[in-house]
Structures are given as C-alpha cells and as structure tokens.
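Open your viewer and get ready to select a few pieces one after another. Take each stop in turn, and look before you read on.

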Amino acid sequence: MFMLRNVGKLIFGDSSKPEIIHLDQGQLYIVRPNSPKGYSECIFKDAQACIRRTSTTYQYQLVIQRAFEDGEEQLLDDAEDADDAKDEKLFLLDESLHLRNISRDGTTVFAWRDLSGDPGDLYEFICDSSTQASAISMFELVAMQCQFERKYRRSHDTATEKELHQFSFEEAIPPASSAAPTPPAASPVASPVKSKTRSGRKKDAAKEAAKDDTPPREMEITVAPPAAQAPEGGEVLASESAELHLFDVSSGTFMLQDAGVTATVYEVGTWEYWLQIDGDDKAWMGQPVLADLNPVFNFEYLSFIFNHYTESGTAYSWLLRFKDMETEERFQEGIMRALWEQLNQQKWLKAKDDERDYILEAFNEITMEDVPEEEEEEEEEEEVEDEDGRSEHYDSDEEADDVETGLKDGSQNSQLAVGYKHDRSFVVRGSKIGVFKHTAQNGLEFSTSINKVATPKGKAFEPKKVMLHAEDSSMILQNANEPNSLYRMDLEYGKVVDEWKVHDDITVTSFAPEKKFSQMTGEQTFLGISNNALYRIDPRLTGNKLVESQLKQYVSKNDFSAAATTEKGYIAVASNKGDIRLFDRLGINAKTHIPALGEAIYGLDVSADGRWVLGTCKTYILLIDAEQKEGKNVGKLGFEKGFGKDSKPRPRRLGLNPAHVAQMQAEAGSTLNFTPAKFNTGIDAEETSIITSTGPFMITWNLKKLLRGSKDPYTIKRYQEEVKADNFRFGSDKNVIVALPNEVNMVAKQTFKKPTRESISTPMKQLRSRHAIVDERY
C-alpha cells in the first residue's frame, strides 16, 4: 500500500478540490449486533464515498452520499422541505472511528464505529465488486494521512510509515446480513454504474412482467482491426511502455490486449504527427494525431483513453495504462505537443510556460467515467412521457406515410432561432423559414412559413446564419455569397426589406447582439467580426454600416470565428486557432487572452453575468470560469481586469467518455461533431444546464454536477436522425427545442437518460403529430 504514497501526496495536495478522493459506487449499512431494532439496516442502496476537506486546518470528513438518478436531485433541491442530511452522512476522520477494511465474498468492505450508537454498532460501506484494488488502497492511504494530520497537527508529508501504520486497524468486521454483493464486472478497468429512483424500483416487478419476449440483439466481441501501415518518421516526441486495452462494445468493458506495448508519438511531415502502438510480435494500431483522438488522461488510474478511427470510419476506443505517473506525464506532453503544433503550426516550445501548463491542466480535468454494465437502469418512463411537442391533435394511430415530412427539393432543417420577447421559434430550411409557436403545455404548434428568403432585388438565398433582432420583430440574415453584407427581414411581413453593406473591405464572419438580451429591446446596433477585426454595426448610418470609431483590427490574421456578449455588454471572441479574447468594450485591446487548447472553436456562449464562458470545439466543450480567484483583482471578471501572469482562468474540458463515443460510433456511424453549445438563459435566471448535440444524440450537462466534480455530469437523448440544431426555451432549463432534418420538437430535459448501452443504442420513438413535425406547407 505504501508504494502508492507519492501518488497519494499528489492527489491529497490538490487544494483546489474540496473532495480529495472518492469511491464511486457502493452501499451503506449500519450494523447493530446487540440491538433489538434489527441486526442491520441499509441506509443508502446506491452510494458514493469520499474524503472531504473542512474549513478547519488538519481536519477532514468521511462523507457517504446517496446516488441520485438524473433529475431526481433537482426535484429534491426545488422542494422547500428538502433535507440534505437525509442524503449525506458525515463522519469526522479521527482514529476513534477505527476505520478499516476487509475483503468479503470478492468485495471490499470499509467499516467504522458508530460513535453515537451502542457499543459494537458500526457502519459498513460495501464497495461495488468492480472497484479497483488501486482505488481502494489509495482511499485507505489518504484516510490514514488525514487521521495523522488531525492527531499530530502537521502535514502528513512529515509522517514516517510507522507513524501512519498506527491508523491501520485490523478489528473483525461482522457481516451486514442483508447485504448482497453485486455481480463481478468483466473488466478491471471500468466499474459499472447502477442507480434507480425510488419509484423506479417499485415498478421493477411490473416492468419485468411486461417485457417483450423478443431476444436482445446479439453483439459480437470487439476485435482489434488490422494496423495501418506506419509512415516513415522523424523526430520522436514521446515513446513509453504501457499495457494496452480495447473497449468491447458487447460487454461494455475494456479488455486487455497486450501487457507490454510501446506507444510512440513522432513527426511524419510538416506539422503532421503519428501515434504508433507496437507489441513484441505485432503492430497493434497507428493513426494520425488529430482532434478526433479525443484524448482523456486519468492520473488516478495511470491511464490514457483515446478514440481510433479506421479508414472505413469505424471507431474503436483504446486504453493505455502506464507503470507510474512520471511515464504518463511524459507521454501526455508528447500527445499534447503534437495536437497543439498540428493546429497552431508552430513549435510547442515557443509557447509560454504558463500556456503549456494551462493546456496540460485542461486535459487532466476529465477523469475516466464508469462504464455502465449490461443490467440497465429503469427510467421513469410511465411518469415522464417523451411528449416532444405533442399537441392536442396528436393521432395515436396515425401511420408514418400519412404525413409528408420532407420537401421534394431535398432541403433539410439547418438552423434554429429561439424567440426571447415572444414565444416563437424559427427554423431555417433551405430558402424557407418555418415559424412555430410555444404552447402552454410545453409543446410546439406550426404557425406559418416564409416560403422564399430573397434579397430586396428578388434573388433567393439560403441563410448561413440568422439572429432575431429588435424585440423579435426582425431577423438579421447572412448570405454566404455576399460576405460584406447582411440582410434584415421584417417578420411581420415575412420578407427581406433591407440590405446592409457593412464595409467595402471588411467581411462579416459572424455577428452577435449588443448585449445578451438586446433582442428583447429596440436596440438597433449589434456586433460583427471578420477574420481579424471586431466592430459595431449601426444600420442607421448612411452608406456602410460599420462604425469606424469602434473598430478593433489586428495586423495578424487571428481567424476569429464566433462572438458572444453578456448582459452588461462585455464581449467574448473566439477563433479557429482555439483561443478566446475577453473585452469590456469595443475599440481596445482584450483584457484577457485565453490560450488555445489545440482545437478550433466555432461556437461561443457566455452566462448573463459573465462568470462562465462556453466554447464549442469539434470533440469537446470548453467551460471557463472568468472570475479571478487571487491577486489584486479578486472577484473581478476577466472581461473587466486582466488575469495576472500566473493566474490564468482554469479551463474545464467537457468531453464524452471515450467508451461512450465508441458505442455511439458503433450504433450511429458518425464521429463526434458538436453543435454550438448553449446555456439555458432568461431574465434573472441562473444558468444551470448546457445543451449540445452530435449526430443523432442530444447531450445536456448539469452545471451543478460539473462544478462539484461529479463523475456522471451529462445525460443523452438519441434520435433516429441527425440533430441539426438545439437550444433551451427562453426562461427555462427544463425544455429543449430540437430541429431534426424534417421535424421540430420541444422535449423535456427530464426525458434525457444516463449514457448506457441501452440509451445509446435505442432511438426514441419519433412522433407523427401534424404539429410536432415540420408541416408539409413548410
């Protein structure tokens, strides 16, 4: 156990996190050997254990939390009489607990004294059988270090092994008679997650009886594909020894392929790099180092998980496990250097030290999530219907061929604009725009269609980008064939009435409102960006509409791609290079420059108060806290004051578990490609959720879970077709508007499910309501 001590110090020393270490899944029992109340009682059937810092130096808590089904916790939070104590047990980590563990029937049991109970009473946390031995040893070690610090009032770094060993107790642990160990997992790498709502458990028997007798689809064991021919190499960026595991879709686990491989990252051309993995007697795989790699480093498990796409487009998820942290750190720097140089086309060593640290830190934040096992969780399907915009005209017996869902010209829905001032959504489809009314029942009704989007001279075009404007009375449109101009559509008349020439030489790459909620007002000005300029557009000017006095133009090509504003009008601008600039106003240099992580940003959103910046990349979402935590500008935003040299904002890289990505690819056949992510928003509304999609999957992140470091912060909803665009209904975080190729729906966020083999492989039943789909006139 003490061989892990140096690793324990590293995890223990990360003071930015209140929780030092955790065990993801288990059950909590209280055992009363001498009590007339009963021998044992299950407190939490699904629980997590963690060790948490307190506000008092040298004091720590052992915390056991009940695991929630997604949505259940929010319902409890919203309840006025919610009692957090019922869902969390706290124990001061002191040697009087006599915390110890044993192995029982293939599972590990942690036990400690119930100091408020009768003599002999104790608590037992029964770990899930798939919990790794290394995680258990690490948890035990950190608990001993905490007890040492409490007793001796000094850092555990000064403790000898003899001093730590005095907190290793070996008393007998009586069994919790009603505790049944969970089935063993098939893999030592991934631990399954099981969690059910209370009402879901009550329905288990009825659901079992109602199950279809149709046998489940057989899935073959995943076999490694033939390795691609390795190209001739130049400079080697990293070469390390490791174990190699391959994710098996049929069992939902990582399977060991080779206990001794060499993973090498090397240069193969100008700003081109290659990852090659070879065993003693065969080449296992090779691929270019690109963003599709979706790299995830986990230093707790000394692992690196990544995706591999063959020439046919098939995705595989691989895992490398290294012998120690130093080896993984060397390999991580090689991978991140290759990704960064490939995007920025300059040498990694030319980047500033703080920028390199920032990039590496961002990729350490994502930890390997548990892979769900075969036994699926039961959802509240009978209580939460997938209504998806169902209206009172829904015909339950309507056949699919009764309604024409697509236009004969082959057009598909492409963009979505959600109204702020009025309950309307606008969906772009070729050169047409459909208008949908939001109903009081959280549904959509087709209202009307604008059948020809054309310039004032009558030339039809397909809008590249749209934005609602001036109390939702107008829509600003961009024509890809006219990069120097924008158009205004009067929504009352349903036609383009103005063409605005922005500038003779400066193009419009994208545009954004003057302030986050400007579309609810009569504000006429708005912001525009080109490849290397940020400026204000005022339609009231004669001639060109760009305000020359409020133009910030850069000499170098920054390749700006997206912009967003806060409620106060602070401005965030992202680029295809992957960096972000924060401004408090136009015409000046950025207050804060956030370095690129290695992938282009093409979507950007900002919370109303400016605290959170949300950037969308192809394979991950970037969440940045813009509030300063140290220095003379504590409490200020990066929009208002620049961050100190050594205090860059800390990024949170929101990525999908690579195992989930492999399952999605196996089911849907599409690579990761996120739509621009959005916060829920509304006047005086707190941002609580993030929505995006990739292929036929919609994904929503729970912001509260993200900030507390939860292992499962996102849920998914799968459709049969690709999701083209999505956004929250204005003023709500519970309803999402989604545009499919030929349908427009409003769905309840509560119908999203945890990513399991079942939820990934099973598309939701799409409705055939005449009002839920795109009307044939549209």
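This tour goes from the whole protein to single strands and then to one threonine.

**Stop 1: the whole chain**

Keep in mind that this model is predicted. Show everything as a cartoon. The protein has 778 residues, and 56% of them count as buried. Its secondary structure includes 11 helices and 41 strands. Now think about contacts between residues at least 6 apart in sequence. Of these, 59% join residues at least 24 apart. Switch to a surface view. The protein exposes about 33600 Å². Carbon and sulfur atoms supply 46% of that area.

**Stop 2: strand β21**

Select residues 485-490, which make up strand β21. Is this strand enclosed or open to the outside? Six of its six residues are buried, so the rest of the structure largely encloses β21.

Next, show the side chains. In a regular strand, side chains alternate between the two faces of the sheet. On one side of β21 you find S485, Y487 and M489. On the other are L486, R488 and D490. Both faces are covered, and these residues are all buried.

**Stop 3: the partners of β21**

Add residues 474-479, which form strand β20. β20 and β21 pair in the antiparallel sense, over four bridges. They form a hairpin, with five residues between the two strands. Look for I476, which stands opposite R488 of β21.

Now add residues 495-501, strand β22. How many bridges join β21 to β22? Six bridges join them, and the two strands run antiparallel. Return to R488: its bridge partner in β22 is D498. β21 and β22 also form a hairpin, here with four residues between the strands. Select G494 in this hairpin, where the phi angle is positive, near 70°.

**Stop 4: a sheet of four strands**

Move along the chain to β27, residues 560-565. It belongs to an open sheet of four strands, in the order β27-β28-β29-β30. The pairing is antiparallel. Why do β27 and β30 each have one side without a neighbour in the sheet? Both stand at the edges, and each has a single partner strand, so one side of each is left free of a neighbouring strand. You can find β30 at residues 592-594. Neighbouring strands in this sheet are turned by 20° against each other on average, direction ignored.

Zoom in on β27 and β28, the latter spanning residues 571-575. Five bridges hold this antiparallel pair. Select A562 and then A574 in β28: they are bridge partners.

**Stop 5: T525**

Select T525, in the loop between β23 (510-513) and β24 (526-529). Is T525 buried or exposed? T525 is buried, with a relative accessible area of 8%. Draw a C-alpha to C-alpha distance from T525 to P513. They are 12 residues apart in sequence and 7.7 Å apart in space.

Show the surroundings. Leaving out residues up to four places away in sequence, T525 touches H469, E514, R536, I537, D538, P539 and R540. Its side chain makes a polar contact with the side chain of E514, at 3.0 Å. The T525 side chain makes another with the side chain of E523, at 2.5 Å.

**Stop 6: two cysteines**

Select C42, then C127. C42 is partly exposed, with a relative accessible area of 33%. C127 counts as buried, at 2%. How many disulfides does the structure hold? The structure holds zero.

Key: Residues numbered from 1 in each chain as written. Predicted model: local features only at pLDDT ≥ 70, side-chain atom pairs only at ≥ 80, totals over all residues. Heavy atoms only, no water. Pairing = 2+ DSSP bridges. Axes fitted to C-alpha atoms, helices over the stretch in contact; angles between N-to-C directions. Buried < 20%, exposed > 50% of the residue type's maximum accessible area, 1.4 Å probe, protein only. Disulfide = S-S within 2.5 Å. Contact = heavy atoms within 4.5 Å. Polar contact = N/O pair within 3.5 Å; in protein donor to acceptor, adjacent residues only side chain to side chain. Areas by Shrake-Rupley, 256 points an atom, 1.4 Å probe, with all protein chains shown as cover.
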